[in-house]
Amino acid sequence: MTKTSQQDPHQHQGDFFEDYHNTGDSALIINDGVEQQPIVNPYLKKVSRPGIRPVEYYVEGIKKGDTTILSQAITLVESTAPAHRKVADGIIAQCQLLAGGRKTMRIGITGVPGAGKSTFIEAFGSLITSKGHRLAVLAIDPSSERSKGSILGDKTRMETLCNDPNAFIRPSPSAGSLGGVARRTRETILLCEAAGYDVTFIETVGVGQSETAVHSMSDFFLLLMISGAGDELQGIKRGIMEMSDLIAINKADGTNIDKANLAKALYSNVLHLFPPTESGWVPKAVTASAVTKVGLPEILEIIEQYFALAWETGYYEKRRRQQASYWMRASIDEAIRRRFYESETVEKLLPEYEQAVLEGRLDSFAAAAELLEKYC
């Protein structure tokens with residue numbers, strides 16, 4: 001018996017189409033394809049991701065107002081890698097000296113979901129830069145509890161402000177931090193002020209009772225509200241209202257003007273029920289529209305009045321010292337927490353204790369107490 005060799009059946013088909021095409025009778029036209037096009041950016045191959053530079057490199061770039069180097073420095077500050085943290089500490093120390101003594105304005109902006117914070121910041125920020133100020137916007141995006149990621153899409157909603165040479169927008173993930181702020185927002189503020197930005201917006205992920213973290217790092221606290229979204233009393237939370245220096249009812253345009261004025265009257269009455277502020281400032285409620293720009297100049301005027309009062313009475317310096325004290329305690333808390341989890345003893349025992357808690361063999365409070373005792 002003759003052994004038949006097995007061949008690929010598709011080989012005959014390929015030969016058939018090739019012969020048929022070569023006869024010139026085929027309607028099938030086989031193109032040779034296009035040539036490989038050159039890359040769009042001819043310098044792309046020459047660009048490489050730089051490693052960690054010396055502290056002086058970042059400080060000099062920040063002093064010159066180089067936004068690229070400023071962004072790189074902020075990335076190092078936000079990083080949890082030990083090598084990055086060492087360089088970041090040096091950058092922060094130098095920038096604190098550079099920013100010291102400057103009269104800057106730190107404005108915390110928060111509001112209920114859907115209040116139009118990003119739209120308001122773009123419109124109001126453009127007004128501020130038109131007055132000769134340099135603006136830094138620290139937009140905080142909520143991080144997913146599952147993936148730990150963030151969209152960081154605030155720049156796409158602030159297209160006009162992004163193209164403003166006197167504005168710098170930095171989106172950062174909240175990364176599980178309470179108070180709707182990023183973990184190293186305080187240090188980022190120092191870097192921006194050292195770069196020459198005299199006005200800083202701190203946009204939070206939303207309104208809540210834990211917004212004291214934002215209040216602790218800002219000089220002026222602006223609360224954005226909306227009307228016509230249900231019972232306005234739902235928005236009156238004593239904790240957040242007491243911290244507010246100004247309440248702006250946004251989206252006061254079109255058919256919503258009457259409702260916005262009604263909400264303004266309601267919030268104005270509520271603000272008078274709170275005890276006097278330490279600064280002597282009387283909080284106000286106003287209406288505004290980020291779309292029509294109505295009310296924005298009035299908000300800027302109110303903010304300027306507040307800072308004029310704070311500078312005249314000395315409350316500005318007192319407030320900054322209070323912020324420094326709060327930052328010291330927050331830094332201690334963060335350092336202790338980091339050292340606890342980086343401890344070799346804790347790293348070794350933590351999985352065992354977690355498994356014991358999951359299986360119900362050990363109470364969570366008892367497990368925490370034992371781990372802390374072994375760490376100390």
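# Loops, salt bridges and a helix pair

Reader: Where is V291 placed?

Author: This is a predicted model, in which local features need pLDDT of at least 70 and side-chain atom pairs count only at pLDDT 80 or more, while totals for chains, interfaces and linings use all residues. Residues are numbered from 1 along each chain as its sequence is written, and side-chain values use heavy atoms, with hydrogens and water left out. Helices (H or I, at least four residues) and strands (E, at least two) are DSSP runs numbered from the N terminus. By that numbering, V291 sits in the loop between strand 7 and helix 11 (296–313).

Reader: Is V291 buried or exposed?

Author: The rule uses relative accessible area with a 1.4 Å probe and protein chains only: under 20% is buried, over 50% is exposed, and anything in between is partly exposed. V291 has a relative accessible area of 60%, so V291 is exposed.

Reader: How many Å separate the C-alpha atoms of V291 and N250?

Author: Along the chain, V291 and N250 are 41 residues apart. In space, their C-alpha atoms are separated by 9.4 Å.

Reader: Which loop holds P113, and how far in space is P113 from L224, C-alpha to C-alpha?

Author: P113 belongs to the loop between strand 1 and helix 5 (117–130). With 67% relative accessibility, P113 counts as exposed. P113 and L224 are 111 residues apart in sequence, and their C-alpha to C-alpha distance is 9.6 Å.

Reader: What is the phi of K251, and what is the phi of K293?

Author: K251 lies in the loop between strand 6 (246–249) and helix 10, and is partly exposed at 38% relative accessible area. K293 lies in the loop between strand 7 and helix 11, and is partly exposed at 43% relative accessibility. Neither K251 nor K293 is a glycine. Even so, the phi is positive in each: for K251 about 65°, and for K293 about 70°.

Reader: How many salt bridges does the rule count?

Author: Side chains of opposite charge can pair when their charged atoms come close. The rule asks for a side-chain nitrogen of Lys or Arg within 4 Å of a carboxyl oxygen of Asp or Glu. The resulting count of salt bridges is seven.

Reader: Which parts does the salt bridge between R170 and E78 tie together?

Author: The closest N and O atoms of R170 and E78 are 3.2 Å apart. R170 lies in strand 3 (residues 167–173) and E78 in helix 3 (residues 67–78), so the pair ties together parts 92 residues apart in sequence. R170 is buried at 12% relative accessibility, whereas E78 is partly exposed at 22%. The parts tied together are strand 3 and helix 3.

Reader: Which parts are tied together by the salt bridge of E193 and R106?

Author: In this pair, the closest N and O atoms are 2.7 Å apart. E193 lies in helix 7 (residues 185–194) and R106 in strand 1 (residues 105–111), so parts 87 residues apart in sequence are joined. E193 is buried at 2% relative accessible area, and R106 is buried at 5%. The tied parts are helix 7 and strand 1.

Reader: How many residues apart in sequence are the parts tied together by K318 and E278?

Author: The side chains of K318 and E278 meet in a salt bridge of 2.6 Å, N to O. K318 lies in helix 12, and E278 in the loop between helix 10 (257–271) and strand 7 (284–287), so this pair ties together parts whose separation in sequence is 40 residues.

Reader: At what angle do helix 12 and helix 13 pack, and which residues of helix 13 make the contact?

Author: Axes are lines fitted to C-alpha atoms, for helices over the stretch in contact, and angles run from 0 to 180 degrees between N-to-C directions. Helix 12 and helix 13 (residues 344–358) have axes 5 Å apart and pack at about 65°. Angles under 35 degrees count as roughly parallel, over 145 as roughly antiparallel, 65 to 115 as roughly perpendicular and the rest as oblique, so these two helices are roughly perpendicular to each other. The contact (heavy atoms within 4.5 Å) is made by F340, Y341 and E342 of helix 12, and from helix 13 by E344, V346, E347 and L350.
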